[in-house]
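User: I am new to this structure and would like a close look at one part of it, the packing of its helices. Please take me through that part and what lies around it.

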Amino acid sequence: MIEDKFIFTSQAKRKIFITIGVGILLLIIGCIIFSMGGHHEGGHAEAAGHGGHGEDHGPSLYLRIIKDLWLTNVYFTGISIIGVFFIAFNYVAQAGWGAAIKRVPEAFGYYLPLGGILMLILFLVGGHDLFHWTHHYLVDPKDTNFDPLIEGKSAFLNTGFFVFRMILYFVLWILVWWKLRLNSLAEDLDANLKYHDNSIFWSAIFLVVFGITSSTSAWDWVMSIDPHFFSTMFGWYVFASWFVSGLAAITFITITLKENGYLPYVNSSHLHDLGKFMFAFSIFWTYIWFAQFLLIYYANIPEEAIYFVERLKNDVYSPIFFMNLFVNFFFPFLTLMTANAKRQAIILKVVAVAILIGHWFDFYIMMTPPLLKQYGGLDVNILFIELGIALMYLGGFIFLVMTGLSKAPLTAKNHPMLQESIHHHLYL
């Protein structure tokens with residue numbers, strides 16, 4: 001048995017810090033371009049009265065930045081929790097093939113504490129700008145801005161309960177991830193089946209918890225940005241986007257480690273399975289996308305239909321809307337259709353990168369229209385801001401995952417199904 005330990009070199013750390021530095025630089029450049037481009041800040045949502053828009057000049061620079069920080073944190077938090085979900089359903093299903101790669105998704109959990117802290121800070125700092133329902137005058141019948149629809153949802157959408165739910169999500173997610181991580185590390189030192197059995201127990205608990213919280217967190221962090229809109233399928237839609245993004249991240253990191261001499265037991269059959277996952281759940285995401293669209297289309301309820309009206313009837317967002325469908329469905333579907341393509345590392349990496357970028361845009365198209373209205377879209381004046389923030393988060397996520405990978409051998413040497421994984425072979 002090889003001691004397959006990942007070395008997080010100073011050169012790799014330097015590249016990550018450069019990525020973060022480039023992100024900060026692009027953010028600064030974007031702010032300067034935005035300021036010089038004739039844009040004027042419209043003030044905060046409280047001052048503007050609705051969604052952070054100024055009277056004539058559109059959303060403020062502040063709102064654009066806080067929106068992108070929130071959006072990208074939700075995106076990477078989702079990828080992190082999918083790492084835990086991947087481990088959990090493999091334990092519960094007694095799936096042996098993934099034992100050789102389990103340390104990769106296991107390391108994703110190292111982002112969760114940072115994601116939780118950032119989520120709480122961003123809400124406390126920018127909640128009034130991101131979430132229209134946080135304004136007290138909307139639920140005051142004596143106020144001229146009283147909104148009966150939002151007042152009807154106030155038992156669920158109120159600041160105290162929202163913060164409580166947010167903290168509860170992260171506490172539960174981090175608790176289960178940490179239990180699975182401790183069992184995994186303990187198993188390396190002692191080949192006792194009690195650690196494996198305990199991991200199955202905690203994984204089963206996590207699947208129940210995540211089955212609920214994946215939807216409720218999607219309602220909280222994404223759907224409630226537009227409190228008038230509702231969709232009974234929205235939780236599934238966000239989960240599908242998170243899941244395929246997480247699978248793409250697992251695939252990309254696994255192949256990159258393999259190309260750098262790590263993960264000696266990972267073979268073409270493992271890559272084939274990862275490719276099948278990306279292929280299948282790109283189709284699953286599209287199924288949910290179409291099902292939600294079809295239900296809203298034929299029901300034609302105004303509170304639901306507004307979601308697609310804002311995105312399809314607006315030239316600012318319609319190109320992103322259709323690009324989203326092409327990148328997240330047609331490209332992976334056509335590229336990974338053959339069995340041979342699922343075994344080619346370069347093809348899998350290209351598709352994984354496309355999926356990761358495509359689903360960031362998926363979250364962009366979910367969150368941006370209700371906040372920026374006609375001032376969103378691929379505007380060159382704000383492209384640097386969005387790219388800069390994305391690179392900052394990407395660098396931070398990779399740094400934490402690489403740190404996690406360096407803390408233990410990449411091969412879970414006493415996993416009871418490791419031999420099954422080592423000899424995993426698909427006959428095509």
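Analyst: What follows looks at one helix and its two packing partners, then at the core and at a few single residues.

The model is a predicted one.

Two packed helices are described by the angle between their axes and the distance between the axes. The helix to start from is helix 13, which covers residues 345-372. One partner is helix 12, made of residues 318-335. The two pack at an angle of about 155 degrees, and their axes are 9 Å apart. An angle over 145 degrees counts as roughly antiparallel, so helix 12 is roughly antiparallel to helix 13. The crossing of helix 12 past helix 13 is left-handed.

Which residues of helix 12 and helix 13 make the contact? From helix 12 come Ile320, Phe321, Met323, Asn324, Val327, Asn328, Phe331, Pro332 and Thr335. Helix 13 supplies Ile347, Val350, Val351, Ala354, Ile355, Gly358, His359, Phe361, Asp362, Tyr364 and Ile365. Sorted by class, this contact holds 14 nonpolar, five polar and one charged residues.

The other partner is helix 9, residues 234-259. Helix 9 and helix 13 pack at an angle of about 150 degrees, with 9 Å between their axes. Because of that angle, helix 9 and helix 13 are roughly antiparallel to each other. Helix 9 also passes helix 13 in a left-handed crossing. The classes in the contact of helix 9 with helix 13 are 17 nonpolar, five polar and three charged residues.

Next comes the core. The largest nonpolar core has 124 residues, and the members that touch the most others are Trp70, Trp221 and Phe363. Helix 3, residues 61-92, gives the largest share of this core, with 20 residues. Leaving out residues up to four places away in sequence, Phe363 touches Leu71, Val74, Tyr75, Val222, Val238, Ser241 and Trp242.

Trp242 appears again in the contacts of Ser214, which is placed in helix 8. Apart from neighbours within four places in sequence, Ser214 is in contact with Gly235 and Trp242. Is Ser214 buried or exposed? Ser214 has a relative accessible area of 6%, and under 20% counts as buried, so Ser214 is buried. Ile212 also has its place in helix 8, which covers residues 193-221. Ile212 is exposed, because its relative accessible area is 53% and the cut-off for exposed is over 50%. From Ile212 to Gly235 there are 23 residues in sequence and 9.3 Å in space, C-alpha to C-alpha.

Two further residues complete the picture. Gln292 lies in helix 10, residues 268-299. With a relative accessible area of 2%, Gln292 is buried. Its contacts, not counting residues up to four places away in sequence, are Ser231, Met233, Phe234, Tyr237 and Phe308.

Asp4 lies in the segment before helix 1 (10-36). Asp4 is buried too, at a relative accessible area of 6%. Not counting residues up to four places away in sequence, Asp4 touches Tyr262, Leu263, Pro264, Pro409, Leu410 and Thr411. Asp4 and Phe243 are 239 residues apart in sequence, and their C-alpha atoms are 28 Å apart in space.

Terms used:
Residues are numbered from 1 along each chain as its sequence is written. This is a predicted model: local features need pLDDT of at least 70, side-chain atom pairs count only at pLDDT 80 or more; totals for chains, interfaces and linings use all residues. Side-chain values use heavy atoms; hydrogens and water are left out. A nonpolar core is a set of buried Ala, Val, Leu, Ile, Met, Phe, Trp, Tyr and Cys residues joined through side-chain atoms within 4.5 Å. Buried means under 20% relative accessible area, exposed over 50%, partly exposed in between (1.4 Å probe, protein chains only). Helices (H or I, at least four residues) and strands (E, at least two) are DSSP runs, numbered from the N terminus. Contact means heavy atoms within 4.5 Å. Axes are lines fitted to C-alpha atoms, for helices over the stretch in contact, and angles run from 0 to 180 degrees between N-to-C directions. Angles under 35 degrees count as roughly parallel, over 145 as roughly antiparallel, 65 to 115 as roughly perpendicular and the rest as oblique. A crossing is left-handed if the near helix is turned anticlockwise from the far one by less than a right angle, and right-handed if clockwise. Ala, Val, Leu, Ile, Met, Phe, Trp, Tyr, Cys and Pro count as nonpolar, Asp, Glu, Lys and Arg as charged, and the others, Gly among them, as polar.
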